[in-house]
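Student: I have a model to go through. Let us take the fold and then the ligand site.

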Amino acid sequence: MKFYSTKSKEKSYSFSEAISMGLADDGGLFVPEYFPSKSVEDFANLNSMAEIAQELLKDFFKGDVLEKNLARICQQAFDFEVPLVEVRPLRESVTATAAVPDVATATAAVGQSTQLGFQVLELFHGPTLAFKDVGARFLANCISGKKLAVMVATSGDTGGAVAGAFVGKPGIQVYILYPEGKISARQETQLTCWGGNVKAFAVQGTFDDCQRMVKSVLSSAEAISISQMKFISANSINIGRLLPQMVYYAKSSLEYFRAHAVKCNYIIPSGNLGNAVAAFWARKMGLPIGKIVLATNANRPIPDFFQTGRWEPRASVMTLANAMDVGNPSNMERFLDLYSDRAELQIEIQSGQIQSFSVTDEQIRQTIAEGPSRWNQIWCPHTATAVYCWEKYIQEPHWVVVSTAHASKFETIVEPLIQQKIPVPSELQSLLDRPTKKTVIHADLDELMRNL
Ligand SMILES: *Cc1c(COP(=O)(O)O)cnc(C)c1O
């Protein structure tokens, strides 16, 4: 299997090359040369994440130096649960304005009702309680043993997931840059608690400063001579993070298909579109996936594109779902590459196979506040965008809401809205109990270099 840049198909790369480069020479993103066809029968008797991953991903590893390691990589990366959990309403929504069948049940008492609900794909059972654990752990197991430096800028979940995935991996040094004072205390702990081969820099500047510094280091020969290691980026455009994200769509759609003999549909909280592109890829490969809805926060270039056909990226705006505060989603390039036949995309949009909705902070707040009484669930702000979309625009059976993080990571937003404490899962508590260490620096490249 070869990989190509979205910008030009002239040069091809192996999977390992694509991973270690991050971006192609021409600045494009790596995509596979084709998507192998899979049928439900190919996965008969395969149940665990690791088994399904191996069957799904083996063609992408064909001919690569990593091919012989795929089984081990899958075993080590997919070692936590990704359950599909059915939820039903305890009572009517008081805020969603979509038609609800019977108001008489509005005051229905506690207990599971027979009213229509949906499935929740819980992607928050990994070490740092966010879906980014999946891609980060897969990438880490792909490059483990090589002598590499991994550098990443973060304002939220990425840094913790990358640190947690790479900590203790032989040969690898990890550098995390985050904007000092601009993330929550709990988030900061998840970046600074690792020690060992993970070094956290608190940069006195903005997230954009951090990102700029990372880019400079990645393209700098000086950095290599200081550390004597090649630097790679572990941000979400790395193909080594994207391919494994197909696995939870494969597993959950197969599980649903086996139980109900119909395809399930997904609502995906989206920012940079990495999670969603994996769903489109899995559907392209033939997995039993129906419609795909992209839920965004107030950053709305994606829903606007589906409505107007014009792609107009813009500056990001800050919202409660901050891991989705993206005004120029980088994976849009991969999405458009998948639909190089724009007529096909048009048909999918018009037939509702692809939809996208923007959700405001006020709607996120309402959805979170209602979560415990209506669904017996505590939603994180990102997941809440998808729940809102189901309530407002869907209200049909066979839908899966993708839950991208555990609410306890966003306690400062969620707890005041639900007026209760969120129980902290043991994975998170064990991180919060650790000693922390950070190196505070100015937003200055030389200072960063001196501290590597
Ligand atoms: C990163 C992230 C998202 C957005 O995912 P993309 O792949 O960037 O679209 C959504 N929710 C959470 C909790 C995240 O960490």
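Student: Which strands does helix α9 lie across, and at what angle does α9 run to β10?
Tutor: This is a predicted model: local features need pLDDT of at least 70, side-chain atom pairs count only at pLDDT 80 or more, and totals for chains, interfaces and linings use all residues. Residues are numbered from 1 along each chain as its sequence is written, and side-chain values use heavy atoms, with hydrogens and water left out. Helices (H or I, at least four residues) and strands (E, at least two) are DSSP runs numbered from the N terminus; contact means heavy atoms within 4.5 Å, and angles run from 0 to 180 degrees between N-to-C directions of axes fitted to C-alpha atoms, for helices over the stretch in contact. Helix α9 (residues 239–260) lies across β4, β5, β10, β11 and β13, and its angle to β10 is about 145°.

Student: In what sense do β10 and β13 pair, and over how many bridges?
Tutor: Two strands pair if DSSP finds at least two bridges between them. One bridge joins Asn265 to Trp399 in β13. Strands β10 (residues 264–269) and β13 (residues 399–403) pair in the parallel sense, over three bridges.

Student: Which atom of Thr404 faces a ligand nitrogen, and at what distance?
Tutor: Polar contacts are pairs of N or O atoms within 3.5 Å; within protein, one must be able to donate a hydrogen and the other to accept it, and residues adjacent in sequence count only if both atoms are side-chain atoms. For Thr404, the atom is a side-chain N or O, at 2.8 Å.

Student: What distance separates a ligand oxygen from the backbone of Gly271?
Tutor: The partner in Gly271 is a backbone N or O atom. The distance is 2.7 Å.
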